[in-house]
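Let's take a walk through a protein model together, from its overall layout down to single residues. Please keep the viewer open as you read.

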Amino acid sequence: MNVSSVASAAYNQQTSAGEKTSTVSYDNFLKLLMTQMRNQDPTDPMKSTEYMAQLATFSQVEQTVKSNEKLDALLSSFALSQADSVIGRTISSADGTISGKVESVMITSDGAVAKLSNGDRVLLGPGIVIS
């Protein structure tokens, strides 16, 4: 039994039980590894070096996910700092078509969006003039 069929079986078991996850946790990975070990061909068992390679790969992926989470937190912190510095100030777009006093700032997936006193919304970024 190969890894993809074991993973597929484990995913089907999870989704049928109503437990839907978008990422594989360390516990889920160990469950998959144990299932793979139990269902391997006894005449052609997997080598221990292959197990170690899988564990090392999972460890690298886990570290990358943690790094991405920390980078997301850092970017959110920067966006909040930027938002705090413009509230109550007057901003205008690079072309001068939109300007006004900033009443509030929302953090979106695109970045910080300033809500002006006249109801306009402006994405804070390059070209915005703050006075």
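The paragraphs below go from the whole chain to the long helix, then to the sheet, the core and one loop residue.

A word on the source: this is a predicted model, in which local features need pLDDT of at least 70 and side-chain atom pairs count only at pLDDT 80 or more, while totals for chains, interfaces and linings use all residues. Residues are numbered from 1 along each chain as its sequence is written, and side-chain values use heavy atoms, with hydrogens and water left out.

Let's start with the overall layout. The protein has three helices and five strands, where helices (H or I, at least four residues) and strands (E, at least two) are DSSP runs, numbered from the N terminus. Along the sequence they follow the pattern α-α-α-β-β-β-β-β. Of the 131 residues, 18% count as buried; buried means under 20% relative accessible area, exposed over 50%, and partly exposed in between, with a 1.4 Å probe and protein chains only. The accessible surface comes to about 9,300 Å², and 56% of that belongs to carbon and sulfur atoms; these areas come from the Shrake-Rupley method with a 1.4 Å probe, and for residues only the protein chains shown count as cover. Among contacts with a separation of 6 or more, 36% are between residues 24 or more positions apart, a contact being heavy atoms within 4.5 Å.

Now find the helix α3, residues 48-86. It has 39 residues and reaches 58 Å from its first C-alpha to its last, close to the 57 Å expected at 1.5 Å a residue; the expected span is 1.5 Å times one less than the number of residues. Which residues of α3 are buried? They are Tyr51, Gln54, Phe58, Ala79, Ala83 and Val86. After α3 comes Gly88, with a positive phi near 90°.

Beyond the helix lies the sheet. Its five strands are in the order β4-β3-β2-β1-β5, and it is open, with antiparallel pairing. Its edge strands are β4 and β5 (129-130), each of which pairs on one side only. Two strands pair if DSSP finds at least two bridges between them. In general, strands of a sheet pair through backbone hydrogen bonds, either parallel or antiparallel.

You can cross this sheet strand by strand. Beginning at β5, two bridges pair it with β1 in the antiparallel sense, and Ile91 stands opposite Ile130 there. Next, β1 is joined to β2 by three antiparallel bridges, with Ser99 in β2 as the bridge partner of Ser92. These two strands form a hairpin with six residues between them, and Gly96 in the turn has a positive phi of about 80°. From β2, six bridges lead to β3, again antiparallel, in a hairpin with two residues between the strands. Here Val102 stands opposite Leu116, and Val105 stands opposite Ala114. Finally, β3 pairs with β4 (residues 121-123) over three antiparallel bridges, where Val122 is the bridge partner of Ala114. The hairpin of β3 and β4 has four residues between the strands, and Gly119 takes a positive phi near 95°.

Helix and sheet come together in the largest nonpolar core. It has eleven residues: Ala83, Val86, Ile91, Val102, Val105, Ala112, Ala114, Leu116, Val122, Leu124 and Ile128. Such a core is a set of buried Ala, Val, Leu, Ile, Met, Phe, Trp, Tyr and Cys residues joined through side-chain atoms within 4.5 Å. The elements that give two or more residues to this core are α3, β2 (99-108) and β3 (111-116), and β3 gives the most, with three. For a view from the helix side, look at Val86: leaving aside neighbours within four places in sequence, Val86 is in contact with Val102, Val105, Leu124 and Ile130.

One last stop is Ser93, in the loop between β1 (90-92) and β2. Is Ser93 buried or exposed? Its relative accessible area is 13%, so Ser93 counts as buried. The side chain of Ser93 reaches the backbone nitrogen of Thr97 at 3.3 Å. Beyond its neighbours within four places in sequence, Ser93 is in contact with Ile98, Gly127 and Ile128, and Ile128 is also listed in the core above.

Note on methods. A polar contact is a pair of N or O atoms within 3.5 Å; within protein, one must be able to donate a hydrogen and the other to accept it, and residues adjacent in sequence count only if both atoms are side-chain atoms.
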